[in-house]
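Me: I am a first-year student and I would like a close look at how the helices in this chain are packed against one another. Could you take me slowly through one helix pair and then follow the contacts outwards from there?

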Amino acid sequence: MIFEMFVSFVAVLAFAVIFDVSKSELVFCGISGLVSEGIYLMIMRVNNEEAFAVLLAALITTSLARILANIRKVPVTVYLICAIIPLVPGAGMYKTVYGIIASDYHRAALAGIDTIKTATEIAVGIFLVFALPNKIFLKK
């Protein structure tokens, strides 16, 4: 689990560099990705319910992104886009397209439904946190 979190940190850090995040924010972007992956892995170990794990990870990392954005005085998207990278269902998208190309429509449909479900959970988690007033996340 620790190794996977470290790999997530490095991957998010590399993505932030590609995304042209300022050097002073790179470590915080990496930490947000590490937290995202860590929450997801912990819930999967305890519960093994992927839907709940993705939703809770999205809720917590969006909250972290809003807190960091207020403290560091940068837009929330700097941290949020980097933080959700470990949660994005890239393998599911690949399996869906591969199933379509291989004419295995049943497998493609199953993978596509799981991918849409995961993407929806990420979006709902982000939406729920952004529905909260900003003063909850302001530093005092």
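**Helix H2 and its neighbours**

Reply: On the H2 side of the contact between H2 and H3 stand Phe28, Ser32, Val35, Ser36, Ile39, Tyr40, Ile43 and Met44, and they meet Glu50, Phe52, Ala53, Val54, Leu56, Ala57, Ile60, Thr61, Leu64, Leu68 and Arg72 on the H3 side. Sorted by class, the residues of this contact are 14 nonpolar, three polar and two charged. Please keep in mind throughout that you are looking at a predicted model.

Before going on, it helps to know how such a pair is put into words. Two packed helices are described by the angle between their axes and by the distance between those axes. For H2, which covers residues 26–46, and H3, which covers residues 50–72, the axes come within 8 Å and cross at roughly 155°. Because this angle is over 145 degrees, H2 counts as roughly antiparallel to H3. The crossing in which H2 passes H3 is right-handed.

H2 also packs against H1, and here the description changes in one respect. The axes of H1 and H2 come within 8 Å and cross at roughly 140°, and H1 and H2 are therefore described as oblique to each other. The crossing of H1 and H2 is right-handed. From H1, the residues Glu4, Met5, Ser8, Phe9, Val12, Leu13, Ala16 and Val17 take part, and they meet Leu26, Val27, Cys29, Gly30, Ile31, Gly33, Leu34, Glu37, Gly38 and Leu41 of H2. This contact of H1 with H2 is made up of twelve nonpolar, four polar and two charged residues.

The loop between H1 and H2 deserves a moment of its own. Asp20 lies in this loop, and its phi is near 65°, a positive value in a residue other than glycine. With a relative accessibility of 68%, Asp20 counts as exposed. Ser22 also has its place in the loop between H1 and H2, but Ser22 counts as partly exposed, since its relative accessibility is 39%. Although Ser22 and Val78 are 56 residues apart along the chain, their C-alpha atoms are separated by 9.3 Å. Val21 touches that part of the chain too, for its contacts, not counting residues up to four places away in sequence, are Ala16, Leu26, Cys29, Val78 and Cys82.

From H3 the path leads on to H4. H3 and H4 pack at an angle of about 150°, with their axes 8 Å apart, and they are therefore roughly antiparallel to each other. H3 passes H4 in a right-handed crossing. In this contact, Thr61, Thr62, Ala65, Arg66, Leu68, Ala69 and Arg72 of H3 meet Val76, Tyr79, Leu80 and Ala83 of H4. By class, these residues divide into seven nonpolar, two polar and two charged. If you compare the lists, you will find that Thr61, Leu68 and Arg72 are named in the contact of H2 with H3 and are named again in the contact of H3 with H4.

Two residues show how differently places around H3 can be set with respect to the surface. Thr62, found in helix H3, counts as buried, because its relative accessibility is 0%. Leaving aside neighbours within four places in sequence, Thr62 is in contact with Leu80, Gly125, Ile126, Val129 and Phe130. Lys73, in contrast, is found in the loop between H3 and H4 and is exposed, with a relative accessible area of 65%. Lys73 has a positive phi of about 60° although it is not a glycine.

Finally, these helices can be seen together through the nonpolar core. The largest nonpolar core has 27 residues, and those with the most contacts inside it are Val21, Cys29, Tyr40 and Tyr79. The elements that give two or more residues to this core are H1 (2–18), H2, H3, H4 (76–84) and H6. You have already met Cys29 on the H2 side of the contact with H1, Tyr40 on the H2 side of the contact with H3, and Tyr79 on the H4 side of the contact with H3.

Note on methods. Residues are numbered from 1 along each chain as its sequence is written. This is a predicted model: local features need pLDDT of at least 70, side-chain atom pairs count only at pLDDT 80 or more; totals for chains, interfaces and linings use all residues. Side-chain values use heavy atoms; hydrogens and water are left out. Axes are lines fitted to C-alpha atoms, for helices over the stretch in contact, and angles run from 0 to 180 degrees between N-to-C directions. Helices (H or I, at least four residues) and strands (E, at least two) are DSSP runs, numbered from the N terminus. Angles under 35 degrees count as roughly parallel, over 145 as roughly antiparallel, 65 to 115 as roughly perpendicular and the rest as oblique. A crossing is left-handed if the near helix is turned anticlockwise from the far one by less than a right angle, and right-handed if clockwise. Contact means heavy atoms within 4.5 Å. Ala, Val, Leu, Ile, Met, Phe, Trp, Tyr, Cys and Pro count as nonpolar, Asp, Glu, Lys and Arg as charged, and the others, Gly among them, as polar. Buried means under 20% relative accessible area, exposed over 50%, partly exposed in between (1.4 Å probe, protein chains only). A nonpolar core is a set of buried Ala, Val, Leu, Ile, Met, Phe, Trp, Tyr and Cys residues joined through side-chain atoms within 4.5 Å.
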